[in-house]
Amino acid sequence: MKQHQKMLLGIVIGTVAGIAANLLVGGAPWLEWVVTNVTSLVGQLFLRLLLMLVVPLLFAALVTGVCELDLRSIGRLGVRTMGYTVIISSIAVLIGLVLVNTLKPGTRLSEEAIAALVQKGSVVKAAPAPSGDSVPALLLSMVPTNPIKAAAEGDIIAFIVFSLISGVGLMVTDTPGSRHLKETVIGLYDVLMTLIDGVLRLAPIGVGALLFSVTARLGFGILVQVASFVGVVLLALGLHMFVVYSLSVRFLGGRNPITFFRDCRLAIVTAFSTASSSATLPTALKVAEENLKLPRNVSRFVLTAGSAMNQNGTALFEGVTVLFLAQVFGVELSLANQATVMFICVLAGIGTAGVPAGSIPVIAMILGMFKIPPEGLGLILGVDRFLDMCRTTLNVTGDLAAAVYVARGEPAPENQTAPAPTRPESSAS
């Protein structure tokens with residue numbers, strides 16, 4: 001069996017077994033012990049193995065990708081990547097807002113369901129406010145005084161800036177030492193990809209354990225109670241993934257969308273299983289270079305930056321959740337307020353951590369801005385893990401679609417011989 005087929009099998013077995021356990025012996029002390037001490041432990045170990053490789057891989061991928069460019073190429077790639085991210089994220093949020101205003105899922109919950117679920121949100125805290133509200137303060141926060149501390153604290157954007165600067169420095173320096181350093185970083189990247197291959201062999205067990213833990217504790221009951229919210233989110237995610245991305249890949253990337261999605265299967269399944277864009281970064285890089293045949297300097301630049309900044313699914317989810325909770329609590333949001341929500345969600349999608357549930361504190365902060373009770377997050381916490389898996393799938397697919405767009409027209413590095421295309425539609429990059 002291929003790797004993505006094994007992972008899908010793990011997803012099915014873990015989900016079915018978890019639902020069966022919840023239905024048959026849900027709430028039993030021994031089941032909670034098994035989930036806490038066995039399946040959750042196995043799943044978290046798998047997730048930690050992936051996350052362990054993210055920071056060194058991000059550094060190695062960005063440095064090797066940038067040092068193979070020239071200064072003009074860096075500016076061109078950066079502008080195209082950021083422009084694509086802002087436009088596609090805006091479309092994602094707009095889709096979500098239109099669906100919420102049209103279908104009005106927040107008006108369909110009973111008062112009993114709201115009372116039963118809302119108490120779970122009392123422990124949610126808003127994201128810390130930025131150190132400054134001005135543009136200069138935001139720019140200063142992107143340049144780390146200590147890159148190791150930035151990486152340790154999860155400040156991925158600051159660490160990306162450090163990695164980009166390091167790659168530029170290596171690009172403009174031509175000494176025996178710098179050439180040896182470049183070979184060392186490339187060797188580090190190769191070693192990390194080998195480790196990733198090893199970790200992915202454990203994926204069927206790891207993802208099965210993760211999904212068993214979630215479904216054994218929650219079952220499908222929570223989905224029934226907030227089915228209208230879940231349905232709107234899934235509809236919005238599906239429209240963006242299969243309509244917007246298909247159009248982007250076809251007309252901006254010059255590729256067949258069906259072939260694109262088929263080539264991205266391993267990254268899609270990994271994203272769905274881990275609910276973490278950061279944890280999926282190693283797999284996405286592997287897919288981009290081996291399946292999509294993208295120039296490695298482009299794929300490494302776009303995907304490493306995209307794992308932190310191109311969060312289309314997160315931006316969409318945040319917008320839908322804010323409007324949904326506004327409807328639940330009867331808070332009227334004008335078109336101007338909704339435009340503000342859209343703007344904040346696009347920016348928050350760029351800065352939200354690419355880890356499971358990374359958007360929840362950000363949503364709490366946005367709710368406070370519009371006087372919507374943040375305790376309402378209890379309505380969606382029970383289904384957030386499942387929706388997190390779905391929106392992470394959209395995020396990662398969006399990163400690969402962005403890489404396809406940016407790679408179109410970009411020359412491959414001189415030392416990377418372009419492989420012979422196996423299908424006409426896959427040769428556009």
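This briefing describes annotated spans, helix packing and one aromatic pair in the structure above. The model is predicted. An unreviewed UniProt entry annotates several of its stretches as "transmembrane region". Helix 3 (residues 54-67) receives particular attention below, as it packs with helix 15 (residues 277-290) and also with helix 9 (residues 176-201).

**Annotated spans**

- According to the unreviewed UniProt entry, the annotation "transmembrane region" applies to residues 7-25, 45-69, 81-100, 156-173, 185-212, 218-245, 315-335 and 341-367.
- Residues 7-25 are 100% helix and 0% strand, and the C-alpha atoms at the two ends of this span are 26 Å apart.
- Residues 185-212 are 96% helix and 0% strand, with 38 Å between the end C-alpha atoms.

**Helix 3 with helix 15**

- Two packed helices are described by the angle between their axes and the distance between the axes.
- For helix 3 and helix 15, the angle is about 45° and the axes lie 9 Å apart.
- The two helices, helix 3 and helix 15, are therefore oblique to each other, and helix 3 passes helix 15 in a left-handed crossing.
- On the helix 3 side, the contact involves Val54, Leu57, Leu58 and Ala61; these meet Ser278, Ala279, Leu281, Pro282 and Leu285 of helix 15.
- This contact of helix 3 with helix 15 comprises 8 nonpolar residues, 1 polar residue and no charged residues.

**Helix 3 with helix 9**

- Helix 3 also packs with helix 9, at an angle of about 135° and with the axes 9 Å apart.
- Helix 3 and helix 9 are therefore oblique to each other, and the crossing of helix 3 past helix 9 is left-handed.
- Helix 3 contributes Pro56, Leu57, Ala60, Ala61, Val63, Thr64 and Cys67, whereas helix 9 contributes Lys182, Val185, Ile186, Leu188, Tyr189, Leu192, Met193 and Ile196.
- The contact of helix 3 with helix 9 contains 13 nonpolar, 1 polar and 1 charged residues.

**Aromatic pairs**

- The whole structure holds 8 aromatic pairs.
- In the pair formed by Phe59 and Phe159, the ring centres are 6.4 Å apart and the planes stand at 45°, so the pair is tilted.
- Because Phe59 belongs to helix 3 and Phe159 to helix 8 (residues 156-172), this pair ties together parts that are 100 residues apart in sequence.

**Helix 12 with helix 17**

- Helix 12 (residues 227-252) and helix 17 (residues 312-328) cross at roughly 150°, and their axes come within 10 Å.
- The crossing of helix 12 and helix 17 is right-handed.
- Phe229, Val232, Val233, Ala236, Leu237, His240 and Tyr245 of helix 12 make this contact with Asn312, Gly313, Leu316, Phe317, Val320, Thr321 and Phe324 of helix 17.
- By class, the residues in the contact of helix 12 with helix 17 are 10 nonpolar, 4 polar and no charged.

How values were computed:
Residues are numbered from 1 along each chain as its sequence is written. This is a predicted model: local features need pLDDT of at least 70, side-chain atom pairs count only at pLDDT 80 or more; totals for chains, interfaces and linings use all residues. Side-chain values use heavy atoms; hydrogens and water are left out. UniProt positions are given in the numbering used here, feature names are shortened, and annotations may be inferred rather than shown by experiment. Helices (H or I, at least four residues) and strands (E, at least two) are DSSP runs, numbered from the N terminus. Axes are lines fitted to C-alpha atoms, for helices over the stretch in contact, and angles run from 0 to 180 degrees between N-to-C directions. Angles under 35 degrees count as roughly parallel, over 145 as roughly antiparallel, 65 to 115 as roughly perpendicular and the rest as oblique. A crossing is left-handed if the near helix is turned anticlockwise from the far one by less than a right angle, and right-handed if clockwise. Contact means heavy atoms within 4.5 Å. Ala, Val, Leu, Ile, Met, Phe, Trp, Tyr, Cys and Pro count as nonpolar, Asp, Glu, Lys and Arg as charged, and the others, Gly among them, as polar. Rings of Phe, Tyr and Trp (its six-membered ring) pair if their centres lie within 6.5 Å; planes under 30 degrees apart count as stacked, over 60 as edge-to-face and the rest as tilted.
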